[in-house]
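This is a short tour to follow with the structure open in a viewer. Each stop names what to select and then says what is there.

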Amino acid sequence: MKFQSSIVAATLAIAGLQSAAAFAPSLSLRTQHGGSRSQALQMVATNEVVVEGETKTKKSREERLKAASKGLQVHCVGLSIHHADVEVRERLAVPEAKWNEASNDICASGDVAEAAVLSTCNRFEVYYSASDERAAMASITKYLADRSGLPVSTLRKNLFMLSGDDAVWHIMRVAGGLDSLIVGEGQILSQVRQCHLHSIEEDGCGGKVLSRLLNNAVAAGKRVRSETAIAKGSVSISSAAVELSEMLSQKDLNLPFSEARLAVVGAGKMTRLLITHLASRGLEKITIVNRSLGRPQELQEQFPDVDIEIKLMDDLWDVVGRSDIVYTATSCEDYVIDEQKMEENGLASGRPIMLVDISVPRNVGEDCNNIPNVVAYNVDDLKAVVAKNTAMRQREMVEAENLLREEAAQYVAWRESLSAIPTINQLQERAHAYRQQELDKCTRKLANANLSQKELEAVERLSRGIVSKLLHGPMSHLRQTESIEEKQRTLKELNAMFRLEEEEEGRRRRRR
């Protein structure tokens, strides 16, 4: 009987490990996300921003992966165009090239196990996992305060924090384009994908839990765009800027949009999208002002039907002086255009000029509006364009959210399955000890039988084969268990059956 119980223990352990990955498909989401988004968002209300003074060593990537099975929960903290003014967002903006650097800074305290930064024109968000939510939040809040130079009281008014299923639901909606300023816009999916790719780089801080979440979010975003019409006719921030300038051209410039002389400062992705949408409206000529010639020349090749004039930054004020509408889309952290610079360059004479800034941090100072007949718009002014866009997509949003719930449920099911790993590991250790103990006894008894090495190996294989056969039925039952609650009940029974908690407590006492 003792030998049989040892074999059963080994069987459960080995098959348990092999089937850990199979848990996820049968699990279901515990909480429904049908409630309003405003109910889910919780404004950060903690004043505990000082991390206690001890120095903590940052965990290695291997340690973060191992920690994923020890109760890490996913959280999200950040701000977006829905909750924070551009003045606050630009203080926290991080260029994509420095996303991993910021993630490493966040993990440096040791309170945060995994982290990934997503910083765009409309949002700055930190996705992270930690076993101690309170300590992690205090550490991240301190980092944000130090980075932005803003007092905690100001940050508290703008930040939101989400935990667990709410954080999962949030990233799903972000990737699906449902949380964007322009509902259904496609650029955010590419940005979430980059967030995932950066998190799994050698210097990234995305462990097992967080990397899986971001990867699932990308898959969810792709499903939304392929299985619904949410992206049909959708627009990006660039196209919203075009719509805004087209809508207000007659009012602000007393000039039809089709007759306006256009210029754009910068030659990156946003400029490429801007020219794409302008070309769809019959754009024939535009001037690009940039620091170098490389990217503007690439745009010339991409848009052969558009007459693109290229100027360097030395000619900026000449170009602004002869343009009616100037779009700005550079990565510069300081104002490219402001009231003082326009006055110094003779552009405060009263000639109508529209400045449309789609950059974060902003490229155009708000004080430009003080100049007679000059109007300046930034990304926050695009909300008027968005209202019409959102209303047209309400029905598609319902279908999209149904798909996102399925994807969120799959991730949460996988995440819950990780809770079984400690029990499985304990079973594996117990089973290995029992089987080896019984095998050693058997080997000593057979010592006088003059068995060859091959025959001893056959005995070894026999024990393993019996274990596998005995385990087939129990493990099939475990795989067919549908709910998280049933799996947890089964694991609890295994703990009691093999007294795993008692053995673990005994080990702790012996170590003392």
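A pocket, as the word is used here, is an open set of grid points where a 1.4 Å probe fits, with protein on both sides within 12 Å along at least five of seven lines. The model on screen is predicted.

**Stop 1: the largest pocket**

Select Cys121, Met270, Thr330, Ser331 and Val360. Of the 47 residues lining the largest pocket, these are the closest to its centre. The pocket holds about 1400 Å³ of space. Next, colour helix 9 (187–199), helix 12 (269–280) and strand 7 (285–290), each of which supplies at least two residues of the lining. Which of these gives the largest share? Helix 9 does, with 5 residues. By class, the lining of the largest pocket consists of 21 nonpolar, 15 polar and 11 charged residues.

**Stop 2: the second largest pocket**

Keep strand 7 coloured, since the largest share of the lining of the second largest pocket, 3 residues, comes from strand 7. Now select Ala260, Arg261, Leu262, Leu283 and Lys285, which lie nearest the centre of this pocket, among 17 lining residues. Its volume is about 320 Å³. The lining here has 7 charged, 6 nonpolar and 4 polar residues.

**Stop 3: helix 10 against helix 17**

Select residues 208–227, which form helix 10, and residues 394–417, which form helix 17. The axes of the two helices are 9 Å apart, and the packing angle is about 160 degrees. Angles over 145 degrees count as roughly antiparallel, so helix 10 and helix 17 are described as roughly antiparallel to each other. Their crossing is right-handed. To see the contact, show side chains on both helices: helix 10 contributes residues including Arg212, Asn216, Arg223 and Glu227, while helix 17 contributes, among others, Leu403, Glu407, Tyr411 and Trp414. In this contact, 9 residues are nonpolar, 7 are charged and 1 is polar.

**Stop 4: helix 8 against helix 10**

Leave helix 10 selected and add residues 165–175, helix 8. What is the angle between helix 8 and helix 10? The two pack at about 45 degrees, with their axes 8 Å apart. This angle makes helix 8 oblique to helix 10. The crossing of this pair is right-handed. On helix 8, pick out Val168, Ile171, Met172 and Ala175; they meet residues of helix 10 that include Leu213, Ala217 and Gly221. This contact divides into 8 nonpolar, 2 polar and 1 charged residues.

Methods:
Residues are numbered from 1 along each chain as its sequence is written. This is a predicted model: local features need pLDDT of at least 70, side-chain atom pairs count only at pLDDT 80 or more; totals for chains, interfaces and linings use all residues. Side-chain values use heavy atoms; hydrogens and water are left out. Axes are lines fitted to C-alpha atoms, for helices over the stretch in contact, and angles run from 0 to 180 degrees between N-to-C directions. Helices (H or I, at least four residues) and strands (E, at least two) are DSSP runs, numbered from the N terminus. Angles under 35 degrees count as roughly parallel, over 145 as roughly antiparallel, 65 to 115 as roughly perpendicular and the rest as oblique. A crossing is left-handed if the near helix is turned anticlockwise from the far one by less than a right angle, and right-handed if clockwise. Contact means heavy atoms within 4.5 Å. Ala, Val, Leu, Ile, Met, Phe, Trp, Tyr, Cys and Pro count as nonpolar, Asp, Glu, Lys and Arg as charged, and the others, Gly among them, as polar. On a 1 Å grid over the protein atoms alone, a cavity is a set of points where a 1.4 Å probe fits but cannot get out, and a pocket is an open set with protein on both sides within 12 Å along at least five of seven lines; lining residues have an atom within 4 Å of a point. Grid points are joined across faces, edges and corners, and a volume is the space filled by probe spheres set on the points.
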